[in-house]
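Colleague: Could you take me on a close look at one part of this model, explaining the terms as you go? I would like to follow which residues are covered and which ones pair up.

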Amino acid sequence: MNETPAPGPPSWQEDVFAVLKKRGIQQIAYVPDAGHSHTLVEAQRDPTIHDVVLTTEEEGVGVVAGAWLGGQRAALLMQSSGVGNCVNMFSLLEMCRFPFLTLVTMRGEYAEFNPWQSPMGRTTQQALELMGITVLRADEPEDVEETVEAALDSVFEAGDRVAVLLGQKLIGRKKWERN
């Protein structure tokens, strides 16, 4: 019997974890999300990275700020719907001038099946920018590594606050399974 091996993660997902690891990220805060699944699994396996499961995304803003105060680099991984949950906490970043990195998988865009995802998907970039966060975006797999590296430079070299939006086309079509 000839078995076909299970496909691995898309190369862009491997690139995300590799760049975070290479650039010294020591904590990853997240609400579980399929678009970040490879990075989350690898972070859980890596003894040099502390993964912090959140009950809601705004907790991650405090985790990232606290990591910086404790001398570590951290990143917040979330879906675009979580950005709306964080708006009030983003004031902490502005007032205290903390460096901040978030990687945001987008919903409410390409082939979205869930209409509840669309309003925040349409306004994610504007919400982040209104809160003083620089937004970079990657929609093609070959752009992800360079975009995440550029964000890390801005955050940890220049002390900026940056969100990298990972377009929904990267993740592909989600299908609603009805039983």
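Modeller: Happily! Buried means under 20% relative accessible area, exposed over 50%, and partly exposed in between (1.4 Å probe, protein chains only). The model is predicted: local features need pLDDT of at least 70, side-chain atom pairs count only at pLDDT 80 or more, and totals for chains, interfaces and linings use all residues. Residues are numbered from 1 along each chain as its sequence is written, and side-chain values use heavy atoms, leaving out hydrogens and water.

Let us start at Phe 98, which sits in the loop joining α5 (90–96) to β4 (100–105); helices (H or I, at least four residues) and strands (E, at least two) are DSSP runs numbered from the N terminus. Phe 98 counts as buried because its relative accessible area is 8%. What does Phe 98 touch, apart from neighbours within four places in sequence? Its contacts (heavy atoms within 4.5 Å) are Ala 65, Trp 68, Leu 69, Leu 92, Leu 93, Asp 160 and Arg 161. Another residue to find on your screen is Ala 158: Phe 98 and Ala 158 are 60 residues apart in sequence, yet their C-alpha atoms are 11 Å apart in space.

Now for the charged pairs. Eight salt bridges are present in the structure, each being a side-chain nitrogen of Lys or Arg within 4 Å of a carboxyl oxygen of Asp or Glu.

Take Lys 21 and Asp 46, whose closest N and O atoms are 2.8 Å apart in their salt bridge. Lys 21 belongs to helix α1 (residues 11–22) and Asp 46 to the loop between α2 (37–45) and β2 (50–53), so this pair ties together parts 25 residues apart in sequence. Lys 21 is partly exposed because its relative accessibility is 35%, while Asp 46, at 12%, is buried.

Next along the chain, Lys 22 makes a salt bridge with Glu 149, with 2.6 Å from N to O. This pair links distant parts of the chain, as Lys 22 is in helix α1 and Glu 149 is in helix α7, 127 residues apart. Lys 22 counts as exposed because its relative accessibility is 56%; Glu 149 counts as buried at 16%.

Finally, look at helix α2. Arg 45 and Glu 42 form a salt bridge there, the closest N and O atoms lying 3.0 Å apart. The two are three residues apart in helix α2, so about one helical turn separates them. Arg 45 is exposed, at 61% relative accessibility. Elsewhere, Glu 94, Arg 97 and Arg 161 are joined into one network by salt bridges that share partners, and Arg 161 is also one of the contacts of Phe 98.
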